[in-house]
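Trainee: Could you take me through the sheet in this model, slowly, strand by strand? I'd also like to hear what is packed together elsewhere in the chain.

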Amino acid sequence: MSTSHERIWVGIDAGKGHHWAVAVDADGETVFSTKVINDESQILALIETARERAGEVRWAVDISGRASTLLLALLITHGQHVVYVPGRTVSRMSGAYQGEGKTDAKDARVIADQARMRPKGFAQLTTPAELVATLRVLTNYRADLIADRVRLINRLRDLLVGICPALERAFDYSAAKGPVVVLTEYQTPAALRRIGVKRLTTWLERRKVRGADAVAAKAVKAAQSQQIALPGEKRAAKLVCDLAHQLLALDDRIKDNDREIRETFRTDERSEIIESMPGMGPILGAEFVAIVGDLSGYQDAGRLASHAGLAPVARDSGRRTGNYHRPKRYNRRLRHVFYLAAQTAMMRPGPSRDYYLKKRAEGLLHTQALLSLARRRVDVLWAMLRDKRLFTSAPPVTQAA
C-alpha cells in the first residue's frame, strides 16, 4: 500500500471518554485531526489510518495513567513507538501556538509537534509487567482510602467540637481505635457521664479495645468538664455515630488492602533486597516498585534521584554560579517513599542515623538533613538492586585481582 508521507507524528490528548488525535508531518503540517472514542475498535481504526498515511508513525500522549490504559496497551501491542509528553510541557508550549483558546485538538497538535521537534526529549512508554500493574492499582487504591480516612476524621472532629470541645481534644482519633469505638455508642457528655468509667471500661473490654480503662477514664473526664447541652447536639451525635462506624469499616478495608499489597509485593524477586534496607517495609517497597517498574528507564542512581526530586537543579545566571535549588518537576509519591523510609531509618541506631546526625552537626535543618539522607540512600538502594545483594551496614569487600 502506498503512503503519502515518510514519517508522521501523532499526538493524542487522552481522556476518559474519548481522545483527540492530531497527526503532523516532517514540516509540522497537519495530516489529520480526529476525535476517537475510548474503545478498542475505534483506537485500532486510528492506528490503521495512521499506518496508511505514512511509512513510519511515531505516537505521543500526555497521560500515562488509567485513562490511557487501553490506548497504550493497543499501541504497544501493535508495535508502535509511543512517548510521554508531560502535561506541564503541553501547557507551557501552548502559548507559542496561534490562538489563545484551549481545545483538545490544539493540545493534541502541541503534543505531536513537541514529539516531532524533540525526538530524544521524552521517555518512551512500554507495557508494565503484570506485577507492576497490579501494585499500581493497589497502591493507588490505598492512597484513595487514606484520603477518605483523613476526610472522615476531619468531619468527625468538626462535629465533635459542636458537641463537646473537651472530648474532641482528648484523643487523637487518627491514631487510636478505642476512642472511635466509644463514639459508636456514646457521643454526648451526658451519655458518658451516665455510663461512668467502670461500666464504659467493661463495655470497651468486651469489644477488645486495648487500654480500655485509660480510654474510658479520659472520655468520662472530658464529659464531666461540660454540663451544658449545646444546640443541635442530638442530630450531631447521630452523625458522629455514623462517621465512627464508617471509620472503623474503612480501617478494615485499609488493612485488607495492605495485606494484599504485602502478599503481591513479596512475589517480586527484588522484594527481599528492598525490604532488607532499613526503613523500607513492604508498603513503601510496593510503592517504589509501582512507580519505577524494572528500573530500565533510569540510566543510573542520579536519574532515579532526579525523578524523586532529590537531586538539586542549577540556577546560574551571569556571574552567579553554583546556585542550586529544589526541582519543581519530580514524582511527589517517589519522593515521599524515600523521605518516609529515611525518617524511619533515622530513628534507629545505624549508618542512617549517623549520617543524619552528621548533617545536623553541619548546620542543616531537620528536613534538609532527612532529604540529604534520602539522596544518599537512593545510591545505596540502586547499588543493592544492581548487584542483587542484601543490605549490610559494612561496606562490600572488593576482591583483589
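Mentor: Let's start with the layout: 6 strands make an open sheet in the order S3-S2-S1-S4-S5-S6, and the pairing is mixed. S3 and S6 are the edge strands, each with a single partner, so one side of each has no neighbour in the sheet. Keep in mind that this is a predicted model, where local features need pLDDT of at least 70 and side-chain atom pairs count only at pLDDT 80 or more, while totals for chains, interfaces and linings use all residues. Residues are numbered from 1 along each chain as its sequence is written, and side-chain values use heavy atoms, with hydrogens and water left out.

A few words on the names: helices (H or I, at least four residues) and strands (E, at least two) are DSSP runs, numbered from the N terminus. Two strands count as paired if DSSP finds at least two bridges between them. Strands of a sheet pair through backbone hydrogen bonds, either parallel or antiparallel.

Now pick up S1, residues 5-13, which pairs with S2 in the antiparallel sense over 5 bridges. To find your place, look for Trp 9, whose bridge partner in S2 is Val 24. Between S1 and S2 the chain turns back in a hairpin of 4 residues. S2 itself covers residues 18-24, and 5 of its 7 residues are buried (buried means under 20% relative accessible area, exposed over 50%, partly exposed in between, with a 1.4 Å probe and protein chains only).

Carry on from S2 and you reach S3, residues 30-37, again antiparallel, this time over 7 bridges. Here Ala 23 stands opposite Phe 32 in S3. Another hairpin links S2 and S3, with 5 residues between them, and Gly 28 in that turn has a positive phi of about 85 degrees.

Then go back to S1 and look at S4, residues 54-61: S1 and S4 run parallel and are joined by 7 bridges. Your marker for this pair is Gly 11, which stands opposite Ala 60 in S4.

So much for the sheet; what about the packing? The largest nonpolar core has 44 residues, and Met 280, Phe 288, Leu 304, Phe 338 and Leu 381 have the most contacts inside it. (A nonpolar core is a set of buried Ala, Val, Leu, Ile, Met, Phe, Trp, Tyr and Cys residues joined through side-chain atoms within 4.5 Å.) Several helices give two or more residues to this core, including H5 (130-161), H10 (233-265), H12 (282-292) and H16 (366-387). H16 supplies the largest share, 10 residues.

Leu 381 makes a handy viewpoint. Leaving aside neighbours within four places in sequence, Leu 381 is in contact (heavy atoms within 4.5 Å) with Ile 274, Met 277, Met 280, Phe 288 and Phe 338. There is also a second, separate core of 40 residues, and among them are Val 180, Val 220, Leu 243 and Leu 247.

One last stop is Ala 369, which is found in helix H16. Ala 369 is buried, with a relative accessible area of 0%. Again setting aside neighbours within four places in sequence, Ala 369 is in contact with Tyr 356, Lys 359, Arg 360 and Leu 364. For a sense of distance, the C-alpha atoms of Ala 369 and His 81 are separated by 42 Å, with the two residues 288 apart along the chain.
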